[in-house]
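I opened the notebook to look at the ligand site and any enclosed space in this model. My notes follow in the order I looked things up.

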Amino acid sequence: MKKLVVLSGAGMSAESGVSTFRGAGGLWDKYPVEQVATPEGYAADPGLVINFYNERRRQLLKVEPNRGHELIAELEKEFDVTVVTQNIDNLHERAGSSKIIHLHGELTKVCSSFSPYDPRYIRELDPEEYEIKLGNLAPDGSQYRPYIVWFGEAVPKIEEAIRSVEQADIFLIIGTSMNVYPAAGLLNYVSSRTPVYLIDPNEVSVNSNGHKIHVIRKVASEGMEELTTLLTAK
Ligand code: OAD
């Protein structure tokens, strides 16, 4: 089976009703990124940050995977698919994808404030636990914090993502503005022989690193319909 690696971003979930980050109406317009997505912001006002992610979790309960997520999951019938996502929602999982690398963490999990990546303290929340409060403590006595990789923090899953991308026979970039590193740099690890597709309704400026990119200028669901036809035509 050929290996298909997908790099997804916020645009993947836009049709499900999840806000993207950049651009008009994006989340970073409403909430200053320094306040809600940096370790400094968390140190300054943990309650505000915890509430911001509580709100994102509440939204998670109201949204469903869209046709784009579903088509990526369906491609597992013909390809060995790995999804490398910058998204913290669980819509790829809920659509049925089985191999997912969450580069920027997961909304449905919490971790220790002292040692965020210590697996002993990473906990999957049941939906009834989605409202984290100040005073909810991890077993090491620290406040439970959102299991999110914030700006300025290391991205522990990047090595695993690189190993996957290096082996890709087909690479797909979908719904990401390719502004945030190291995720955006993953294209550098794609073999020069590997076809690269990009699905986005807007123009994305990509440092293509010599790759010829097949651009499908459509929203995720329509773009995935077109790509599925292209990849499964033979
Ligand atoms: P952005 O908000 O930067 O980019 C979203 C992309 O999705 C843009 O290129 C849009 O054109 C595109 N888009 C919008 N609607 C779409 C649709 N219906 N179908 C397909 N594409 C659509 O989001 P990301 O690139 O994911 O990190 O941002 C990367 C990271 O920056 C995020 O993971 C987050 C953010 O700050 C952290 O919080 C650490």
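**Entry 1: neighbours of the ligand.** This is a predicted model. I listed what surrounds the ligand and found 22 residues around it. R22, T176, S177, D200 and N202 come nearest. I then sorted the shell by class. It holds 10 nonpolar, 9 polar and 3 charged residues.

**Entry 2: polar atoms.** Next I looked up distances between polar atoms and the ligand. D200, one of the residues that come nearest, has a polar side-chain atom 2.6 Å from an oxygen atom of the ligand. For H104, a polar side-chain atom lies 2.8 Å from an oxygen atom of the ligand. A220 uses its backbone instead: an N or O atom there lies 2.9 Å from a nitrogen atom of the ligand. I also checked the cover. On its own the ligand has 800 Å² of accessible area, and the protein covers 91% of that.

**Entry 3: where the ligand lies.** Which pocket does the ligand take up? I found that its space is the largest pocket. Then I turned to the domains. Domain 1 (1-18 + 65-104 + 155-234) and domain 2 (19-62 + 108-148) both give residues to the shell, so the ligand lies between them.

**Entry 4: enclosed space.** How many cavities of 30 Å³ or more does the whole structure have? My search gave 1. I noted about 50 Å³ of space in the largest cavity. Its lining is made by H102, L103, G105, Y117, Y147, I148, V149, P156 and K157. By class, I wrote down 6 nonpolar, 2 polar and 1 charged. I checked the domains here too. Domain 1 and domain 2 each supply at least three residues to this lining.

**Entry 5: recap.** Both domains give residues to the ligand shell, and both also line the largest cavity.

Definitions and conventions: Residues numbered from 1 in each chain as written. Predicted model: local features only at pLDDT ≥ 70, side-chain atom pairs only at ≥ 80, totals over all residues. Heavy atoms only, no water. Near = heavy atom within 4 Å. Polar contact = N/O pair within 3.5 Å; in protein donor to acceptor, adjacent residues only side chain to side chain. Areas by Shrake-Rupley, 256 points an atom, 1.4 Å probe, with all protein chains shown as cover. 1 Å grid on protein atoms, 1.4 Å probe; cavity = no way out; pocket = protein on both sides within 12 Å on 5 of 7 lines; lining within 4 Å. Sits in = over half its atoms within 2 Å of the grid points. Nonpolar A, V, L, I, M, F, W, Y, C, P; charged D, E, K, R; others polar. Domains from an automatic or database assignment. Points joined across faces, edges and corners; volume = space filled by probe spheres on them.
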